Amino acid sequence: MHWSSLTALALVAPSTALIRFGCSQLTVQRVDPLVNPGISPSPHLHQIIGGNAFNISMDPREDIGEKATCTTCQFSEDFSNYWTAVLFFRARNGSYHRVPQVPNIGFEGSNGGMTVYYMQDGLANYQQTSKVTAFKQGFRMLIGEASYRSKQQATRFRQITYTCLQDLGTRFPESMHFPTKPCPAGIMANVRFPTCWDGKNLDAPDHMSHMAYPESGTFESGGPCPASHPVRVPQLMYETIWDTSQFNEKEVWPEDGSQPFVWSMGDHTGFGSHGDYIFGWKGDSLQRAMDSACYVNCPTLKTQSVPAMNKCKYNEVLVDEPIDGWLDSIPGNPMEKMESK
Ligand SMILES: *[C@@H]1O[C@H](CO)[C@@H](O)[C@H](O)[C@H]1NC(C)=O
Ligand SMILES: *[C@@H]1O[C@H](CO)[C@@H](O)[C@H](O)[C@H]1NC(C)=O
């Protein structure tokens, strides 16, 4: 399906909530306040978007929707933080280069970052007409496992995929592994979170077990939540567009023809893709949006301009290390550590 056919749904669906918005880059650093709070540097590099209350440690009792003073997101009441690993290109000579991020169609001018979705499910009609309960202050979650390197492992997660972009509108097919051929408009990494909450815990030791996938079917088809996790929450989804186009010459790809991209945790397969989330919408703004007939745009919510999004930054340098230009190794040297295990 092409993005344009999603837009066409808007014309036939009178009561729907699906918000889709761009967020510029907040910072790119080796920091992870969810999995490695207080640890500097964290094992691998992340790219982070959202509110400027982001920090090396983030106390869940602190309301970042109140504490933050700016956000890189288009909806200016969203001070949540969203992050993923960072993609690198490995040249034939063994040097690495960080792959730049580019905005999706409709968010031109935004500095890198990601596109974020919150969706109601489809009740079998794919039209986002169900009721969902928004996440609450203090809520956080992770999906994906950075150490996974096989399809068998990654099958545990249902919807963490890649799209090889022929142009910025390409949405299918998706694969669980990195694309194996050059992608003319880049590689889009898609991370969809589970949609059933236990209704009690804002977090879990593994940052995952308070959440579950529908018992049968999918979120999109209106699949029911299991009794252990009965509360239907919006489907959170990230799209990150990695502009691999400057690395597409086959002469700089490995001689055996294999694909040259690698995640910041040293993953050449793509199966280690993961996304992190710390909720930070101000007050009840997310619930209000989910209860309104918002489709992509949302008059219920306040918005800000692209220059205002780009201006918000997290300026503290937690780890002073090079991440740009040609590098001898990925920051933190995750590959070497794996080999010495
Ligand atoms: C981050 O946390 C440190 C203490 O751990 C604090 O000194 C600093 O001001 C915080 N930064 C922001 C932007 O809140
Ligand atoms: C490695 O290859 C890249 C791409 O061809 C080149 O730009 C870079 O200068 C090379 N690095 C070294 C150390 O030779």
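Ligand 1 is surrounded by four residues: Asn55, Lys67, Tyr314 and Glu316. The model is a predicted one, and this briefing covers the surroundings of ligand 1 and ligand 2, the buried strand β8, and threonine 161 in strand β10.

**Ligand 1**

- The shell around ligand 1 comprises 1 nonpolar, 1 polar and 2 charged residues.
- Asparagine 55 places a polar side-chain atom 2.3 Å from an oxygen atom of ligand 1.
- Glutamate 316 has a side-chain N or O atom that is 2.7 Å from a nitrogen atom of ligand 1.
- On its own, ligand 1 has 370 Å² of accessible area, of which the protein covers 40%.

**Ligand 2**

- Around ligand 2 stand Ala91, Asn93, Ser95 and Trp326.
- By class, this shell holds 2 nonpolar, 2 polar and no charged residues.
- A polar side-chain atom of asparagine 93 is 2.3 Å from an oxygen atom of ligand 2.
- The side chain of serine 95 has a polar atom lying 3.3 Å from a nitrogen atom of ligand 2.
- Tryptophan 326 contributes a side-chain N or O atom at 3.2 Å from an oxygen atom of ligand 2.
- Of the 360 Å² of accessible area that ligand 2 has on its own, the protein covers 45%.

**Strand β8 and its partners**

- Strand β8 spans residues 114–119, and 6 of its 6 residues are buried, so the strand is largely enclosed by the rest of the structure.
- Met114, Val116 and Tyr118 point one way from β8, whereas Thr115, Tyr117 and Met119 point the other way; all are buried.
- Strand β1 (residues 18–23) runs antiparallel to β8 and is joined to it by 6 bridges.
- Within this pairing, isoleucine 19 has tyrosine 118 of β8 as its bridge partner.
- Strand β16 (residues 235–242) also pairs with β8 in the antiparallel sense, over 5 bridges.
- Here the bridge partner of threonine 115 is glutamate 239 in β16.

**Threonine 161**

- Threonine 161 belongs to strand β10, which covers residues 160–164.
- The relative accessibility of threonine 161 is 8%, and the residue therefore counts as buried, the cut-off being under 20%.
- A polar contact of 2.4 Å links the side chain of threonine 161 to the side chain of glutamate 174.
- Beyond its neighbours within four places in sequence, threonine 161 is in contact with Glu174, Ser175, Met188, Ala189, Asn190 and Arg192.

Methods:
Residues are numbered from 1 along each chain as its sequence is written. Chains are lettered from A and ligands numbered from 1 in the order in which they are written. This is a predicted model: local features need pLDDT of at least 70, side-chain atom pairs count only at pLDDT 80 or more; totals for chains, interfaces and linings use all residues. Side-chain values use heavy atoms; hydrogens and water are left out. A residue is near a molecule or strand if one of its heavy atoms lies within 4 Å of it. A polar contact is a pair of N or O atoms within 3.5 Å; within protein, one must be able to donate a hydrogen and the other to accept it, and residues adjacent in sequence count only if both atoms are side-chain atoms. Accessible areas come from the Shrake-Rupley method with a 1.4 Å probe; for residues, only the protein chains shown count as cover. Ala, Val, Leu, Ile, Met, Phe, Trp, Tyr, Cys and Pro count as nonpolar, Asp, Glu, Lys and Arg as charged, and the others, Gly among them, as polar. Buried means under 20% relative accessible area, exposed over 50%, partly exposed in between (1.4 Å probe, protein chains only). Helices (H or I, at least four residues) and strands (E, at least two) are DSSP runs, numbered from the N terminus. Two strands pair if DSSP finds at least two bridges between them. Contact means heavy atoms within 4.5 Å.
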